[in-house]
Amino acid sequence: MTAISVTASGAPLGEIFAEAFANLYSQGIRSVLALLGITIGTASIIAMLSIGNMGQLEALKSFKNMGVDMLQIRAAPNGSGAAGFDRRLVDALPGNDPDILAAMPLSIGRETVATGGKTADLATVAISPGFATLARLPLRIGRLIGDADECGLVAVVGDGATTKLSAPGAALLPGAKIAVGNYAYTVIGILGATPTEAMNPADYNDAVFVPFGCSRRVMPGGDPNTALIQLKPGTDSVAVGERVKTRLANATSVLTIVDARALVTMMKAQMGVYTRLLAAIGGVSLLVGGIGVMNVMLMSVMERRREIGLRAAIGATPRDLQLMFLIEAAVLALVGGIVGVALGVGASYFMARAMHWSFAVALYVLPLGTGVAGIVGMMFGLYPAITASRVDPIEALRAE
């Protein structure tokens, strides 16, 4: 006889668990109703934690290309003139601030673009050659804007803009001419579909990219109105943002800073609040399920008084009786917990499909769900177990 496989009274654990299952099975619908509360509570907790985890992963995906060590400076008009800042100040930022790795000036506007009888209102983005690498623009056909194109009438067209400017049987391809405002540009490249990210200053899919050098042709003012700043990892982005804002400040523009790290922190905080709120709702359901377990076990103690008395008469100790009912409560809760975990994972999967998210389950929630269900079952099964251990065997055997 080993201490692991045998209880204090000598009954093997396997036999005790088998007996617990048999007793719960004999109670039929009552056990099923008690299971429902535990199942719903566990499923709610698992689903909410998984959905919260997937939401955070999706939020982080919006920084996949450029990372979280980024600042975006935007200029808005401070009066009737065009907003912007001096390009030379932007170009000098990496040399003047040791916490800045790269700085890209952009000029963003909107213009009517036409070709071959097709016309579309599109974003126009004036860029430097290094921007495509920083933003990881996916080239589908042709080439990107290079150093030799600084003042050329050439353009790269986004995936969605290409569709809008293509006619049936006459897709827009490199070499085609497009009219951007009053100027004719030659298309040198077509981009693939670009994912929408939080730090994108414009929808790159619906945009036409032109060289920054002579962008005054199609951009009001001609100065950059946006700057993307790549920081060294671990840099204090708030402090760097304020320094950059001070350097670029001018009387014609109001500058605002978009901090990727601050956005990530805000998104995580929001998801954390929603997750805790919904998990609390699931906890209430689990609590109600625990009360159901206690109710079932108390009814079982009342109906099995003669059995309890007989067990006590042939040598079962109060501890044996407590253990017997505690195991029944734990089995009831664990079965509900396992079913709840399966339902919670299933609900998370359907939620991911509905939201077009990548399905992912945080592994820590699986033992957490069944563990919490088991603890709830033990807690609410404790009182019925103590009640059973205090039954007087003589009175129980005399009772009809």
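**Helical spans, a mixed sheet and isolated residues in a predicted model**

Residues 357-383 are 70% helix and 0% strand, and the C-alpha atoms at the two ends of this span lie 45 Å apart. The model is predicted. The UniProt record, an unreviewed entry, lists residues 357-383 as one of its "transmembrane region" features. The other spans under that name in the record are 28-51, 277-301 and 321-345. Residues 321-345 are 100% helix and 0% strand. Their end C-alpha atoms are 36 Å apart.

The same unreviewed entry in UniProt places the feature "domain: ABC3 transporter permease C-terminal" at residues 281-393. That stretch is 85% helix, with 0% strand. A distance of 43 Å separates its end C-alpha atoms.

H356 sits in the loop between α9 (318-355) and α10 (365-389). Its phi is positive, about 60 degrees, although the residue is not a glycine. H356 is also exposed, with a relative accessible area of 72%.

On the domain level, the protein chain is split into two parts. Domain 1 is made of residues 13-63 and 266-398, and domain 2 of residues 84-251. Their C-alpha centres are 56 Å apart.

One long-range pair also illustrates the extent of the chain. K177 and P384 are separated by 207 residues in sequence. In space, their C-alpha atoms are 84 Å apart. K177 belongs to strand β6 (residues 177-180). The residue is exposed, at 54% relative accessible area. Leaving aside residues up to four places away in sequence, K177 touches T115, Y185 and T186. Of these contacts, T115 falls within strand β2 (residues 100-115).

Strand β2 leads into the pairing around strand β3. The two strands run antiparallel and are joined by nine bridges. Within this pairing, V113 has A120 of β3 as its bridge partner. The hairpin of β2 and β3 has two residues between the strands. There, G116 takes a positive phi near 50 degrees.

How far is strand β3 (residues 118-127) enclosed by the rest of the structure? Seven of its 10 residues are buried, so the strand is largely enclosed. β3 also pairs with strand β8 (residues 207-211). This pairing is parallel and comprises five bridges. V125 has F209 of β8 as its bridge partner. I127 is likewise matched with P211 in β8.

Strand β8 is mostly covered, with five of its five residues buried. In a regular strand, side chains alternate between the two faces of the sheet. Both faces of β8 are covered. On one side A207, F209 and P211 are buried, and on the other V208 and V210 are buried. F209 and P211 thus recur here: F209 is the bridge partner of V125, and P211 that of I127.

β8 has a further pairing, with strand β5 (residues 154-157). The two strands are antiparallel and share two bridges. V157 stands opposite V208 of β8. β8 therefore pairs in the parallel sense with β3 and in the antiparallel sense with β5.Two further residues stand out by their setting. R136 lies in the loop between α4 (131-135) and β4 (139-142). Its phi is near 55 degrees, a positive value in a residue other than glycine. R136 is exposed, with a relative accessible area of 52%.

D259 is placed in strand β10 (residues 253-259). Is this residue buried or exposed? D259 is buried, yet it has no salt bridge. The nearest side chain of opposite charge is that of R261, 5.6 Å away. Not counting residues up to four places away in sequence, D259 touches M70, L71, S237 and V238.

Terms used: Residues numbered from 1 in each chain as written. Predicted model: local features only at pLDDT ≥ 70, side-chain atom pairs only at ≥ 80, totals over all residues. Heavy atoms only, no water. Domains from an automatic or database assignment. UniProt positions renumbered as here; feature names shortened; annotations may be inferred. Helix = DSSP H or I, 4+ residues; strand = E, 2+ residues; numbered from the N terminus. Buried < 20%, exposed > 50% of the residue type's maximum accessible area, 1.4 Å probe, protein only. Lys, Arg positive; Asp, Glu negative; His and termini not counted. Salt bridge = Lys/Arg side-chain N within 4 Å of Asp/Glu carboxyl O. Contact = heavy atoms within 4.5 Å. Pairing = 2+ DSSP bridges.
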